[in-house]
Amino acid sequence: MPSINRPSPIELTRLEAVARRLNDAWSDFTAVEVLRNTFAESGFIKNPVLVSSFGADSAVLLHLLSLVDPSAEVVFLDTGFHFDETLTYRRELTRALGLTKVRVARVDPLAAKRHDTLGRLHRDQPDACCQLRKVKTLDRHLRMSDAWISGQRQAQASTRLELQCVEVDRLRGKLKINPLAHWSEDEIATYKVVNNLLEHPLASEGFLSVGCAPCTSPVIAGEGSRAGRWRGSVKLECGLHDRTHIIASSESAA
């Protein structure tokens with residue numbers, strides 16, 4: 001049973017028009033200006049939510065949010081498989097930035113019991129595991145929101161090269177805002193240093209992109225920042241970002 005109602009073609013057409021309008025209007029905006037306008041009262045966006053993994057680069061977007069509105073809602077998807085370091089980092093970074101509304105969204109325990117009784121779904125069907133523990137969990141927590149905010153960047157992976165500041169999440173019928181879409185790796189690194197941001201404790205061990213512990217490994221010299229995600233699999237994304245036309249299914253891999 002689907003966890004959300006799929007948007008109608010008419011609604012998707014409307015959202016595409018809104019996304020084009022906002023991309024044009026915000027084309028010269030800084031990331032802070034994008035966030036400020038996202039949270040401003042408007043007819044386009046109501047109840048926006050920032051979704052953060054509290055991963056290796058998450059402090060940048062969360063710091064920018066703290067400058068705009070530290071009481072804005074942040075959602076952290078607790079899959080049940082995060083590194084202990086990530087859970088500690090979430091608490092410490094939340095406190096350091098003065099964020100007051102960080103919500104922990106946990107997987108539905110009944111769904112987990114039904115579909116992943118032994119807690120091994122990530123080994124046998126990683127796409128199904130991501131659907132259960134990330135996608136459906138986020139679906140529930142976006143029901144009352146017109147838009148969600150992501151830390152995605154074009155520079156992160158080949159799957160994100162066409163990323164725009166404002167996109168349409170076609171699966172959920174929401175706008176998706178990517179304030180850092182055009183930031184380079186150097187800009188991210190410089191921002192962290194200049195603002196003395198707290199680093200994820202695993203970053204110094206080569207984890208340049210941090211997801212669930214069973215599916216994340218360190219990156220070696222010369223690899224892209226997301227090379228350690230689902231290593232040895234053709235899986236490229238968890239499914240949160242609706243790129244089914246370019247995401248290879250790990251279940252169908254030889």
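**Note on the predicted model: a salt bridge, a sheet and its helices**

1. Start with one pair of side chains. Asp57 and Arg153 form a salt bridge, with N and O 3.2 Å apart. Asp57 sits in the loop between β1 and α3, and Arg153 in the loop between β4 and β5, so the pair ties together parts that are 96 residues apart in sequence. The structure as a whole holds eleven salt bridges. Keep in mind that this is a predicted model.

2. Next, the sheet. What is the order of its strands? Reading across, the order is β3-β2-β1-β4-β6-β5. The sheet is open, has six strands and shows mixed pairing. Its edges are β3 (102-106) and β5 (166-169), each of which pairs on one side only. From one strand to the next, the twist averages 35°.

3. One strand pair can be followed in detail. Strand β1 covers residues 49-51 and strand β2 covers residues 74-78. The two run parallel and are joined by two bridges. Look for Leu50: its bridge partner in β2 is Val74.

4. Two helices lie across strands of this sheet. Helix α4 (residues 84-97) lies across β2 and β3. Its direction is at about 165° to β2. Helix α7 (residues 126-141) lies across β1, β2, β3 and β4 (147-149). Against β3, helix α7 runs at about 130°.

5. Now helix α3, which contacts several other helices below. Take α2 to begin with. Helix α2 spans residues 31-39 and helix α3 spans residues 58-68. Their axes come within 9 Å and cross at roughly 55°. That angle makes α2 oblique to α3. The crossing of α2 past α3 is right-handed. From α2, the contact uses Ala31, Val32, Leu35, Arg36 and Phe39. From α3, it uses Leu61, Leu64, Leu65, Leu67 and Val68. What kinds of residue make up this contact of α2 with α3? Nine are nonpolar, one is charged and none is polar.

6. Helix α8 (residues 185-194) also meets α3. The axes of α3 and α8 come within 10 Å, crossing at roughly 55°. This makes α3 oblique to α8. Here α3 passes α8 in a left-handed crossing. On the α3 side the residues are Val60, His63, Leu64 and Leu67. On the α8 side they are Ile188, Tyr191 and Lys192. The contact of α3 with α8 divides into five nonpolar residues, one polar and one charged.

7. The third helix to compare is α4, already seen across β2 and β3. The axes of α3 and α4 are 10 Å apart, and the helices pack at an angle of about 30°. Are α3 and α4 roughly parallel or roughly antiparallel? They are roughly parallel, because angles under 35 degrees count as such. The crossing of α3 past α4 is right-handed. Ala59, Leu62, His63 and Ser66 of α3 meet Tyr89, Leu93 and Leu97 of α4. This contact of α3 with α4 has five nonpolar residues, two polar ones and no charged one.

8. Some α3 residues turn up in these lists repeatedly. Leu64 contributes to the contact with α2 and to the one with α8. Leu67 likewise appears in the contact with α2 and in the one with α8. His63 meets α8 and also α4.

9. Finally, check two backbone angles. Where is Asn47 found? Asn47 is in the loop between α2 and β1. Its phi is near 55°, a positive value in a residue other than glycine. Phe54 is placed in the loop between β1 and α3. Phe54 is not a glycine either, yet its phi is positive, at about 50°. Asp57 of the opening salt bridge lies in the loop between β1 and α3 as well.

Note on methods: Residues numbered from 1 in each chain as written. Predicted model: local features only at pLDDT ≥ 70, side-chain atom pairs only at ≥ 80, totals over all residues. Heavy atoms only, no water. Axes fitted to C-alpha atoms, helices over the stretch in contact; angles between N-to-C directions. Helix = DSSP H or I, 4+ residues; strand = E, 2+ residues; numbered from the N terminus. Parallel < 35°, antiparallel > 145°, perpendicular 65-115°, else oblique. Left-handed = near helix turned anticlockwise from the far one by under 90°. Contact = heavy atoms within 4.5 Å. Nonpolar A, V, L, I, M, F, W, Y, C, P; charged D, E, K, R; others polar. Pairing = 2+ DSSP bridges. Salt bridge = Lys/Arg side-chain N within 4 Å of Asp/Glu carboxyl O.
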